[in-house]
Amino acid sequence: MTKPGQFCNEGLWSISQHPNHFGNLLLWSGILIMNSDSLIGSGGDGNFLSTLWSARRLLVALLSPMFLWALFSGQANGTITNTVELANNKYGKDPAYQAYLKS
């Protein structure tokens with residue numbers, strides 16, 4: 001275990017800088033997949049546009065995981081918040097942090 005205030009690279013943090021965000025994205029993507037059958041409407045005469053129209057609820061529901069990914073990605077790379085700068089200021093001199101960034 002690391003001590004409070006030190007860089008943590010154990011457990012899930014050894015493979016992901018934001019495992020809670022990854023888990024949240026997996027959860028909501030799984031819910032989307034489980035409900036995909038009910039989101040696809042019946043009908044259509046077989047042409048492309050009618051098939052696309054019957055899947056409109058599924059296509060709209062796909063926006064949710066994509067939006068979550070965009071938020072998490074922006075937060076992780078520092079375009080939305082300054083978490084990258086904060087982490088560099090806090091752990092920048094720690095050799096374990098530098099090795100973590102390179103991996």
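## Two tyrosines tucked inside

Tyrosine 91 and tyrosine 97 are both buried in this predicted model. They also turn out to be partners: searching the whole structure gives one aromatic pair. The ring centres of tyrosine 91 and tyrosine 97 sit 5.9 Å apart and the planes meet at 45°, so this pair is called tilted. If you're wondering why both a distance and an angle get quoted, a pair of aromatic rings is described by the distance of the centres and the angle of the planes.

## Helices and overall shape

Let's zoom out. The protein has six helices and zero strands, so to speak a one-note tune: along the sequence the pattern reads α-α-α-α-α-α.

How does the radius of gyration look beside that of a compact globule? A compact globule of 103 residues would come out near 13 Å, but this protein has 20 Å. Its C-alpha atoms fill a box of roughly 65 × 25 × 20 Å along the principal axes.

Buried residues account for 17% of the 103 residues. The accessible surface adds up to about 7,800 Å², and carbon and sulfur atoms own 66% of that. As for contacts between residues at least 6 apart in sequence, 46% of them link residues at least 24 apart.

## A greasy patch on the outside

Which residues make the nonpolar surface patch? The members are Phe48, Leu49, Leu52, Leu59, Val60, Leu62, Leu63 and Met66, and together they cover about 810 Å². Helix H2 (48-54), helix H3 (56-61) and helix H4 (63-77) each chip in at least two residues. H2 gives the largest share, with three.

Phenylalanine 48 is a good one to look at, and you'll find it in helix H2. Is phenylalanine 48 buried or exposed? Its relative accessibility is 63%, so it counts as exposed, because the cut-off for exposed is over 50%.

## Two serines to compare

Serine 42 belongs to the loop between helix H1 (19-39) and H2. With a relative accessible area of 75%, serine 42 is exposed. Count along the chain and serine 54 is twelve residues from serine 42, yet their C-alpha atoms are 6.4 Å apart in space.

Now try serine 36, which lies in helix H1. Serine 36 has a relative accessible area of 23%, so it is partly exposed. Serine 36 and isoleucine 15 are 21 residues apart in sequence, and in space their C-alpha atoms are 30 Å apart.

Methods: Residues are numbered from 1 along each chain as its sequence is written. This is a predicted model: local features need pLDDT of at least 70, side-chain atom pairs count only at pLDDT 80 or more; totals for chains, interfaces and linings use all residues. Side-chain values use heavy atoms; hydrogens and water are left out. Patches are made of residues with over 30% relative accessible area and no salt bridge: like charges are joined within 9 Å, nonpolar side chains (Val, Leu, Ile, Met, Phe, Trp, Tyr) within 5 Å. Accessible areas come from the Shrake-Rupley method with a 1.4 Å probe; for residues, only the protein chains shown count as cover. A salt bridge is a side-chain nitrogen of Lys or Arg within 4 Å of a carboxyl oxygen of Asp or Glu. Helices (H or I, at least four residues) and strands (E, at least two) are DSSP runs, numbered from the N terminus. Buried means under 20% relative accessible area, exposed over 50%, partly exposed in between (1.4 Å probe, protein chains only). Rings of Phe, Tyr and Trp (its six-membered ring) pair if their centres lie within 6.5 Å; planes under 30 degrees apart count as stacked, over 60 as edge-to-face and the rest as tilted. The radius of gyration is taken over C-alpha atoms; the globule rule is 2.2 Å times the number of residues to the power 0.38. Contact means heavy atoms within 4.5 Å.
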